[in-house]
Amino acid sequence: MDQLYYAPGAASMLVHWLLIELDVPHELHLVDTAAGAQKRPEYLALNPNGVVPTLVVDGRPMFESAALAMTLADRKPQAGLAPLPGDPLRSDYVQWMFHLANAVQPLFRLWWYPQEAAGQANAELAREHVRPRIEAAWDRLDAQLAAHGPYLLGDTLSAADFYLTMLMRWSRNMPRPATQWPRLAALAQRMKSRDSFNALYAAEGLTEWA
Ligand SMILES: N[C@@H](CCC(=O)N[C@@H](CS)C(=O)NCC(=O)O)C(=O)O
């Protein structure tokens with residue numbers, strides 16, 4: 001059975017959501033990130049990066065939430081959350097997964113841990129600079145959905161929409177949350193109406209942005 005090391009609402013949420021959506025048997029291990037459990041030797045032995053998630057598959061610990069999401073979606077092709085190789089939508093899907101992983105998710109790392117990049121003395125300034133970059137990402141994603149929605153792949157739901165929803169959730173307490181963009185708000189609404197979203201919230205004890 002897959003073992004997920006997670007913290008509520010963290011990047012592990014994408015993997016957890018897909019485990020539920022795809023009905024993959026799994027066991028949860030809570031990592032107390034507030035207490036620094038992700039930096040302890042026993043966790044670093046699983047994931048030397050000291051972050052969540054880690055997914056142990058067949059005894060092998062794997063990391064990187066986007067890669068784990070793609071792996072899970074590919075493992076259950078019948079669910080249709082990843083266009084198959086050869087399908088013209090496959091390259092769009094890979095593009096959006098990489099875009100979210102490389103161009104959007106790292107902005108949230110800068111938003112929450114500005115001192116890592118800029119030092120404690122410049123943390124507020126770094127946040128001021130990253131905020132418009134997150135908002136610009138919402139501009140572009142909203143425009144994509146306006147032209148080719150309602151999902152990132154048009155009419156086809158994919159793992160990329162689960163990923164985008166997690167990232168939108170992360171903006172919920174920002175001055176301009178993603179849901180201030182109308183097509184992003186519509187996508188969030190659709191995704192939140194899935195049974196798997198409710199099951200995820202119950203399993204992680206989440207309440208905000210329900
Ligand atoms: N690229 C990694 C990033 C993971 C990440 O930054 N996780 C955060 C929570 S969202 C974390 O574990 N933070 C605690 C820390 O950095 O000590 C992924 O997507 O798996």
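The following exchange concerns the ligand, its pocket and some backbone features of a predicted model.

Biologist: What are the ground rules for this model?

Modeller: It is a predicted model in which local features need pLDDT of at least 70 and side-chain atom pairs count only at pLDDT 80 or more, while totals for chains, interfaces and linings use all residues. Residues are numbered from 1 along each chain as its sequence is written, and side-chain values use heavy atoms, with hydrogens and water left out.

Biologist: What makes the space around the ligand a pocket?

Modeller: On a 1 Å grid over the protein atoms alone, a pocket is an open set of points with protein on both sides within 12 Å along at least five of seven lines; its lining residues have an atom within 4 Å of a point. The ligand sits in the largest pocket, so more than half of its atoms lie within 2 Å of the grid points.

Biologist: What volume does the largest pocket have, and which residues lie nearest its centre?

Modeller: The volume is about 920 Å³, taken as the space filled by probe spheres set on the points, which are joined across faces, edges and corners. Of the 38 lining residues, Ala 11, Val 52, Gln 105, Arg 109 and Trp 170 lie nearest the centre. H4 gives the most to this lining, with 10 residues; helices here are DSSP runs of H or I with at least four residues, and strands are runs of E with at least two, numbered from the N terminus.

Biologist: Which residues come nearest the ligand?

Modeller: Gln 38, Lys 39, Glu 64, Ser 65 and Arg 109 do, of the 13 around it. A residue is near if one of its heavy atoms lies within 4 Å.

Biologist: Why is the pair between the ligand and Tyr 113 called a polar contact?

Modeller: A polar contact is a pair of N or O atoms within 3.5 Å. A ligand nitrogen is 2.9 Å from a side-chain N or O atom of Tyr 113, so the pair qualifies. Ligand oxygen atoms also meet the limit at 2.8 Å from side-chain N or O atoms of Gln 105 and Arg 109.

Biologist: What makes the backbone at Pro 53 and Asp 58 notable?

Modeller: Most residues other than glycine have a negative phi, and most peptide bonds are trans. The bond joining Val 52 and Pro 53 is cis, with omega about 10 degrees, and Pro 53 is in the loop between H2 and S3. Asp 58, not a glycine, has a positive phi of about 50 degrees and is found in the loop between S3 and S4.

Notes
A polar contact is a pair of N or O atoms within 3.5 Å; within protein, one must be able to donate a hydrogen and the other to accept it, and residues adjacent in sequence count only if both atoms are side-chain atoms. On a 1 Å grid over the protein atoms alone, a cavity is a set of points where a 1.4 Å probe fits but cannot get out, and a pocket is an open set with protein on both sides within 12 Å along at least five of seven lines; lining residues have an atom within 4 Å of a point.
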